[in-house]
Amino acid sequence: MTTEFNLPELGEDIDTGDVVALLVSVGDTIEVDQPVLEIETDKAAIEIPSSVSGVITAIHVEEGGIVEVGKPILTVDTEGVGEDKTEPAEPPQKTAPAPKVVSPPPARAEKWEETSAIPSVETQRTTETAEPLPDFSKWGEIERAAMGGIRRATAKQMATAWGTIPHVTNFDKADITELEKLRKHHASKAEAAGGKLTITAILLKIVAGALKQFPQFCASVDMERAEIIYKRYYHIGVAVDTPQGLLVPVIRNVDQKNITKLATELNQAVEKAKNRKLGLEEMQGGTFTISNLGNIGGTNFAPIINSPEVAILGVSRSQIEPVFVDDQFQPRLMLPLALSYDHRLIDGADAARFLRRLVEVLENPFLLALDG
């Protein structure tokens, strides 16, 4: 007896997925809950487990193709594997095991890329618009590649954030000469705990303190109700560069953890992101985002806000610069910071004060102990 295994429900508002990888072949024997397919949607990269056992006699999808929810993936011969032959050939959909989320897309990172499609804005609703493209092949050889689900989500969400939020970016620099000495001195303690004592790990703690002092930065704007939603929790997202694009795991309850603990959790999150092991829930609930490009390069950049958050901190590469200290120029390690914020809620003076608070603590780390 043969049965068809159809693509199960993947989540709310998800109707299709791009086939990233086939994990089985015709002739393979599979078991219930065995992953048979990896697909990418606009919300996640997902491993699809089988709901039946048997020998695969046909595969109805191919890598690079698109599969619809409810459509056949495999035909499986279930003879001799303990199937009840009095039952219908196709098991009820509700018995199918839940798909396993391997790694969500950059639900927060999708805001960092440039786009030529800037949407129109009306009663906070946006539609993507773009001018028709010319025939580029008139001028030379071209190659077309389909956009994956994650990249489509990136383009859509980034355009939405840019089109609905009035962005302003403030810039500042922090003298981290002394902090860098402390960071190197105590790095081994974080490594012993399984983490890396990076500037980003330290900034997590500093930002959490600043969010308590400036609650409008830990909020969201509800224009339909003309309300401001203040959040009394401090979950901070950190943009991670991966082969699949920018992903943003969220470190939770940052205010309740010491820097060693934060360094450990951040290191674990980065590894999971790079290995496509983040769960969708690990990308949700952020109240503020940090994007650090210091290990790549650049002198400064203006990050796009991670909607529905209202601010994001961009960190660039630190450099030795001459700074006038004690009546003379001294070589100091300066860290460029950029704060993009939602001007509907945050004014320039508030942003300047927020940035100066970050600079103050970066330059005087003892304030972390004094102020918590």
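1. A polar contact here is a pair of N or O atoms within 3.5 Å, where one must be able to donate a hydrogen and the other to accept it. With that in hand, look at the start of helix 4: a side-chain oxygen of Asn258 sits 3.2 Å from the backbone nitrogen of Thr260, and Asn258 thereby caps the N-terminal end of the helix. Bear in mind throughout that this is a predicted model.

2. Staying with helix 4, its length checks out. The helix covers residues 259-274, and its 16 residues should span 22 Å at 1.5 Å a residue; the end C-alpha atoms are 22 Å apart, so expectation and model agree. Right after the helix, Arg276 adopts a positive phi of about 60 degrees.

3. Which residues of helix 4 are buried? The list begins with a run, Leu262, Ala263, Thr264, Glu265, Leu266 and Asn267, and continues with Ala269 and Ala273. Note that Glu265 and Asn267 are on that buried list alongside the leucines and alanines.

4. Now the small strands near the start of the numbering. Four strands make an open sheet in the order 1-8-6-3, and the pairing is antiparallel. Strand 1 (2-6) and strand 3 (29-30) are the edges, each pairing on one side only. Strand 3 is held to strand 6 (residues 54-59) by 2 bridges, with the two strands running antiparallel. If you want one of the partners to click on, Ile30 is bridged to Gly54 in strand 6.

5. There is a nonpolar patch on the surface worth a glance. Leu133, Phe136, Trp139 and Ile142 form it, and together they have about 480 Å² of accessible area. Ile142 belongs to the loop that runs between strand 11 (125-127) and helix 1 (149-164). Its relative accessible area is 42%, so Ile142 counts as partly exposed.

6. On to charges: the structure holds 13 salt bridges. How far apart in sequence are the parts that Arg332 and Glu178 tie together? Arg332 is in strand 22 (residues 328-342) and Glu178 is in helix 2 (residues 177-192), so the pair links parts 154 residues apart in sequence. Their side chains meet at 3.8 Å, N to O. The two ends differ in cover: Arg332 is buried at a relative accessible area of 15%, whereas Glu178 is partly exposed at 36%.

7. Asp342 and Arg344 form another salt bridge, at 2.7 Å, N to O. Is Asp342 buried or exposed? With 0% relative accessibility, Asp342 counts as buried. Arg344, at 33% relative accessibility, counts as partly exposed.

8. In helix 5 (residues 348-363), Asp350 and Arg353 are 3 residues apart, so about one helical turn separates them. Their side chains meet in a salt bridge of 3.4 Å, N to O. Asp350 has 18% relative accessibility; the cut-off for buried is under 20%, so Asp350 counts as buried. Arg353 comes out as partly exposed, with a relative accessible area of 48%. Elsewhere, salt bridges that share partners join Asp175, Glu178, Lys181 and Arg332 into one network.

Terms used
Residues numbered from 1 in each chain as written. Predicted model: local features only at pLDDT ≥ 70, side-chain atom pairs only at ≥ 80, totals over all residues. Heavy atoms only, no water. Pairing = 2+ DSSP bridges. Expected span 1.5 Å × (residues − 1). Buried < 20%, exposed > 50% of the residue type's maximum accessible area, 1.4 Å probe, protein only. Patch = residues over 30% accessible without salt bridge, like charges linked within 9 Å, V, L, I, M, F, W, Y side chains within 5 Å. Areas by Shrake-Rupley, 256 points an atom, 1.4 Å probe, with all protein chains shown as cover. Salt bridge = Lys/Arg side-chain N within 4 Å of Asp/Glu carboxyl O.
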